[in-house]
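Here is a short tour of a helical packing problem, written for someone who likes to check geometry against coordinates. Please keep the viewer open while you read.

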Amino acid sequence: MREVFQQELRDVQDRLVEIAGLVADAIDNATTAFNESNVALAESVIADDDKIDAAANELDELAIEILARQNPVARDLRIVVSALRISASLERMGDIARHIAQLSRYRFPEKVVPKSLRPTFKSMGELDVQIARKLTELLETQDVDIAEHIRNEDDKVDELHLSVFDQVLAETWNGAASDTVDATLASRYHERFADHAVSIAKKVQYLATGDWTPVED
């Protein structure tokens with residue numbers, strides 16, 4: 001029975017890695033669609049979000065079944081409960097990627113943000129993709145150095161996020177109301193995507209080391 005239980009825990013980890021990979025692909029395609037006004041790519045991200053949702057739901061069902069049948073304790077219990085929380089964060093990250101793609105679709109054939117902000121959003125998108133790829137690697141390896149890298153990259157996203165607000169609130173800003181709304185909303189999506197990754201990284205770090213750092217909003 002113990003061997004079966006350990007295999008189930010490995011299955012949980014494998015499924016988390018799989019979902020994280022889907023999320024990484026989603027944010028990669030969503031940010032490309034956003035920056036290049038690629039409506040076909042945006043549509044594919046929106047459609048594929050159902051796959052992420054389904055995979056997360058299946059993982060949740062497996063975790064709940066493990067809790068009911070195996071009655072895990074100590075570290076095994078933390079693993080299963082953390083998997084449920086991580087699954088929820090990954091599902092939300094997939095939703096955020098979909099939202100970014102939807103902005104691209106809504107504004108097609110125009111680009112979502114004015115030319116002055118495009119380099120900033122290109123950088124934010126690249127950072128989000130890097131973070132998502134690193135998160136997949138972290139879930140697979142539980143290498144705490146990767147967790148720290150994700151937190152450092154998130155700081156860069158936060159700085160860019162603040163710079164967007166500085167620009168749209170400046171007296172020199174001459175964008176239309178829709179430009180202001182789109183820019184602030186898109187910036188918030190990029191920032192929240194990275195925040196969810198940090199939240200997951202901290203949970204993995206805790207499982208690997210036993211040390212917990214509170215998640216800051």
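What follows looks at helix packing, the nonpolar core, two buried polar side chains and some backbone details.

**How the helices pack**

This is a predicted model, so please read each value below as computed from it. Let us begin with helix H4, residues 118–141, and helix H6, residues 177–209, whose axes come within 10 Å and cross at roughly 20 degrees. Angles under 35 degrees count as roughly parallel, and H4 and H6 are therefore roughly parallel to each other. Their crossing is left-handed.

Which residues in H4 meet H6? On the H4 side they are Phe121, Met124, Gly125, Asp128, Ile131, Ala132, Leu135, Leu138 and Leu139. Their partners in H6 are Ala183, Ala186, Ser187, His190, Phe193, Ala194, Ala197, Ile200, Ala201 and Val204. Sorted by type, the residues of this contact between H4 and H6 comprise 15 nonpolar, 3 polar and 1 charged.

H6 also packs against H3: the axes of H3 and H6 come within 10 Å and cross at roughly 165 degrees. Since angles over 145 degrees count as roughly antiparallel, H3 and H6 are therefore roughly antiparallel to each other. The crossing of H3 and H6 is left-handed. Here the contact residues divide into 16 nonpolar, 7 polar and 8 charged.

**The nonpolar core**

The largest nonpolar core has 67 residues, and Leu90, Leu135, Leu139 and Ile150 touch the most other members. At least two residues of this core come from each of helix H1 (2–36), helix H2 (39–70), helix H3 (74–107), H4, helix H5 (144–169) and H6. H1 gives the largest share, 14 residues.

Leu135 is a good place to centre your view. Setting aside neighbours within four places in sequence, Leu135 is in contact with Leu90, Met93, Ile150, Ala197, Ile200 and Ala201. Two of these names, Leu90 and Ile150, also appear with Leu135 among the core residues that touch the most other members.

**Two side chains to inspect**

Is Thr136, in helix H4, buried or exposed? At 15% relative accessibility, Thr136 counts as buried, because the cut-off for buried is under 20%. Leaving out neighbours within four places in sequence, Thr136 is in contact with Val17, Ala20, Gly21 and Ala24.

His196 lies in helix H6 and is buried, with a relative accessible area of 14%. Not counting residues up to four places away in sequence, His196 touches Ser89, Arg92, Met93 and Ile96. Met93 is therefore worth selecting in your viewer: it is a contact of His196 and, by the 4.5 Å criterion, also of Leu135.

**Backbone details in the loops**

Most residues other than glycine have a negative phi, and most peptide bonds are trans. The table gathers three loop residues to check against that background.

| Residue | Place | Backbone value |
|---|---|---|
| Asn71 | loop between H2 and H3 | positive phi of about 50 degrees |
| Pro109 | loop between H3 and H4 | cis peptide bond with Phe108, omega about 10 degrees |
| Gln142 | loop between H4 and H5 | positive phi near 55 degrees |

How exposed is Asn71? Asn71 is exposed, with a relative accessible area of 60%, whereas Gln142 counts as partly exposed at 30% relative accessibility.

Terms used: Residues numbered from 1 in each chain as written. Predicted model: local features only at pLDDT ≥ 70, side-chain atom pairs only at ≥ 80, totals over all residues. Heavy atoms only, no water. Axes fitted to C-alpha atoms, helices over the stretch in contact; angles between N-to-C directions. Helix = DSSP H or I, 4+ residues; strand = E, 2+ residues; numbered from the N terminus. Parallel < 35°, antiparallel > 145°, perpendicular 65-115°, else oblique. Left-handed = near helix turned anticlockwise from the far one by under 90°. Nonpolar A, V, L, I, M, F, W, Y, C, P; charged D, E, K, R; others polar. Core = buried A, V, L, I, M, F, W, Y, C linked by side-chain atoms within 4.5 Å. Buried < 20%, exposed > 50% of the residue type's maximum accessible area, 1.4 Å probe, protein only.
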